[in-house]
Amino acid sequence: MDFRPFLCIRIDEEAVLRIYEERHAQEVAELVDQNRAYLRQWLPWVDNSRTIEDSRAFIRSSLQQFAQNEGFQTGIWYRDTLAGGIGYHPIDWAERKVEIGYWLGESFQGKGLMTKACRTLMTYAFAELGLNKVEIHCATENIHSCAIPKRLGFTQEGILRDAEWLYDHYVNLVVYGMLVREWKK
């Protein structure tokens, strides 16, 4: 299935998802920098994203993923301001499944943005891409991130022990899954 026509999708009256473009590199770099300590608690890539050029390299990689029909990464714009990011880790077309990854600037928390953005990508995965399963993996201690798949009706499938290296220690990841037959539009 080809999802390349997906460039921008409205998630509600105040927020939109847009495929990252190189022109967004400065906004991404600034948002990450403003939220570095907050994001670093749970995301292993923060220390490797320090400059506009680092953000540009990430965007180029994302555009390559998009061009190869393996998934995509989008920015979440809230009231025309970049609030965070969400996207598909590479789609497993053979198994018809995908994992959603996301992050949000601290000042944008508590507005329901990430829950709505995840619901939007779930709908796209099931209705447009014909996938059978969507997964979300969260650090077990990251209660805010874990609340999102719970709120959306995902099933907790298990815990992967010491699954991710986070700078100086391992964290366990909880795996949440939603099957197309369980999905409520």
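Visitor: Which residues lie nearest the centre of the largest pocket, and how many residues line it?

Guide: In this predicted model, where local features need pLDDT of at least 70, side-chain atom pairs count only at pLDDT 80 or more and totals for linings, chains and interfaces use all residues, Leu 43, Trp 45, Gly 101, Tyr 102 and Trp 103 lie nearest the centre, among 46 lining residues. Residues are numbered from 1 along each chain as its sequence is written, and side-chain values use heavy atoms, without hydrogens and water.

Visitor: What makes this space a pocket, as opposed to a cavity?

Guide: On a 1 Å grid over the protein atoms alone, a cavity holds points where a 1.4 Å probe fits but cannot get out, whereas a pocket is an open set with protein on both sides within 12 Å along at least five of seven lines, and lining residues have an atom within 4 Å of a point. About 1,100 Å³ lies in the largest pocket, a volume being the space filled by probe spheres set on points joined across faces, edges and corners.

Visitor: Why is one side of strand E1 and of strand E7 left without a neighbour in the sheet?

Guide: Strands are DSSP runs (E, at least two residues) numbered from the N terminus, and two strands pair if DSSP finds at least two bridges between them. The open sheet of 8 strands has the order E1-E2-E3-E4-E5-E6-E8-E7, with mixed pairing. E1 (8–10) and E7 (155–165) stand at its edges with a single partner strand each, so one side of each has no neighbour there.

Visitor: How do you know that E6 and E8 pair?

Guide: E6 and E8 (residues 170–179) share 7 bridges in the antiparallel sense, against a requirement of at least two, and therefore count as paired. Ala 139 stands opposite Leu 173 in E8.

Conventions:
Helix = DSSP H or I, 4+ residues; strand = E, 2+ residues; numbered from the N terminus.
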